[in-house]
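Here is a short briefing on pockets, strand pairing, aromatic pairs and backbone exceptions. Please keep the structure open while reading.

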Amino acid sequence: MLQSNLFQIEEETPWQDLGNGVKRQVFGYNDQIMLVKAKFEAEAIGQLHQHHHAQVTYVDSGVFEMSIGEKKKILKKGDGFYAPPHEMHGCVCLEEGILIDVFSPHREDFL
């Protein structure tokens with residue numbers, strides 16, 4: 001079974017630079033679930049996309065305009081969203097911030 005280390009230490013976990021003001025930090029995972037931090041600079045765009053994973057996201061900091069399907073909502077610290085499998089979604093970062101993503105199953109393309 002695929003599995004991350006039992007503990008993830010922020011200072012020891014590398015950030016992956018995705019370009020255009022977005023970085024990703026992969027935390028704990030196994031075959032069924034994965035936790036990921038995504039850091040956005042102001043005005044960075046999380047391009048519209050879809051995947052077969054269910055996604056739940058918590059806004060740790062910043063302000064984001066989130067699009068899921070045809071719906072848009074401004075989300076800030078403490079808010080969150082659920083993106084069902086195969087649903088188009090993306091965001092625009094209005095104020096620099098961090099999103100905490102949980103995927104099920106894990107995002108094999110992130111490893």
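**Strands S5 and S7**

S5 and S7 run antiparallel and are joined by four bridges. The model is predicted. Opposite Tyr58 stands Gly80 in S7. The points below cover S7, the S1 to S3 strands, two pockets, two aromatic pairs and the backbone exceptions.

**Faces of S7**

- In a regular strand, side chains alternate between the two faces of the sheet.
- S7, residues 80-83, shows this alternation.
- Phe81 and Ala83 point to one face and are buried.
- Gly80 and Tyr82 point to the other face and are not buried.

**Strands S1, S2 and S3**

- S1 and S2 pair antiparallel over three bridges.
- Gln16 has Arg24, in S2, as its bridge partner.
- S1 and S2 form a hairpin with two residues between the strands.
- S2 also runs antiparallel to S3, and six bridges join them.
- Val26 has Val36, in S3, as its bridge partner.
- The hairpin of S2 and S3 has four residues between the strands.
- S2 is mostly covered, with seven of its eight residues buried.

**Annotated domain**

- The unreviewed UniProt entry places the feature "domain: Cupin type-2" at residues 40-95.
- The end C-alpha atoms of that span lie 8 Å apart.
- The span is 68% strand and 0% helix.

**Largest pocket**

- The largest pocket has a volume of about 480 Å³.
- It is lined by 23 residues, and the closest to its centre are Val22, Phe40, Gly46, Gln47 and His49.
- Strands S1 (16-19), S2 (22-29), S3 (34-40), S4 (45-49), S5 (54-68) and S8 (89-104) each give two or more residues to this lining.
- Which strand gives the largest share of the lining of the largest pocket? S8 does, with six residues.
- The lining of the largest pocket divides into twelve nonpolar, eight polar and three charged residues.

**Second largest pocket**

- The second largest pocket holds about 210 Å³ of space.
- Its lining has 13 residues, and those nearest the centre are Gln8, Thr13, Pro14, Val26 and Phe27.
- S2 gives the most to this lining, with three residues.
- The lining of the second largest pocket divides into seven nonpolar, five polar and one charged.
- Val26 thus appears twice in this briefing: as the bridge partner of Val36 in S3, and among the residues nearest the centre of the second largest pocket.

**Aromatic pairs**

- How many aromatic pairs does a search of the whole structure find? The search finds two.
- The ring centres of Phe40 and Phe64 lie 5.3 Å apart with the planes at 80°, so this pair is edge-to-face.
- Phe40 lies in S3 and Phe64 in S5, so the pair ties together parts that are 24 residues apart in sequence.
- Phe40 and Phe64 are both buried.
- Phe103 and Phe110 also form an edge-to-face pair, at 5.6 Å centre to centre and 85° between the planes.
- Phe103 and Phe110 are both buried.
- Phe40 is also listed among the residues closest to the centre of the largest pocket.

**Backbone exceptions**

- Most residues other than glycine have a negative phi, and most peptide bonds are trans.
- Asn20 is not a glycine, yet has a positive phi of about 55°.
- Asn20 sits in the loop between S1 and S2.
- Is Asn20 buried or exposed? Its relative accessibility is 73%, so Asn20 counts as exposed.
- His86 is not a glycine either, and has a positive phi of about 70°.
- The loop between S7 and S8 holds His86.
- The relative accessibility of His86 is 54%, so His86 counts as exposed.
- The peptide bond from Ser104 to Pro105 is cis, with omega near -10°.
- Pro105 is in the segment after S8.

Technical notes: Residues are numbered from 1 along each chain as its sequence is written. Side-chain values use heavy atoms; hydrogens and water are left out. UniProt positions are given in the numbering used here, feature names are shortened, and annotations may be inferred rather than shown by experiment. On a 1 Å grid over the protein atoms alone, a cavity is a set of points where a 1.4 Å probe fits but cannot get out, and a pocket is an open set with protein on both sides within 12 Å along at least five of seven lines; lining residues have an atom within 4 Å of a point. Grid points are joined across faces, edges and corners, and a volume is the space filled by probe spheres set on the points. Ala, Val, Leu, Ile, Met, Phe, Trp, Tyr, Cys and Pro count as nonpolar, Asp, Glu, Lys and Arg as charged, and the others, Gly among them, as polar. Buried means under 20% relative accessible area, exposed over 50%, partly exposed in between (1.4 Å probe, protein chains only). Two strands pair if DSSP finds at least two bridges between them. Rings of Phe, Tyr and Trp (its six-membered ring) pair if their centres lie within 6.5 Å; planes under 30 degrees apart count as stacked, over 60 as edge-to-face and the rest as tilted.
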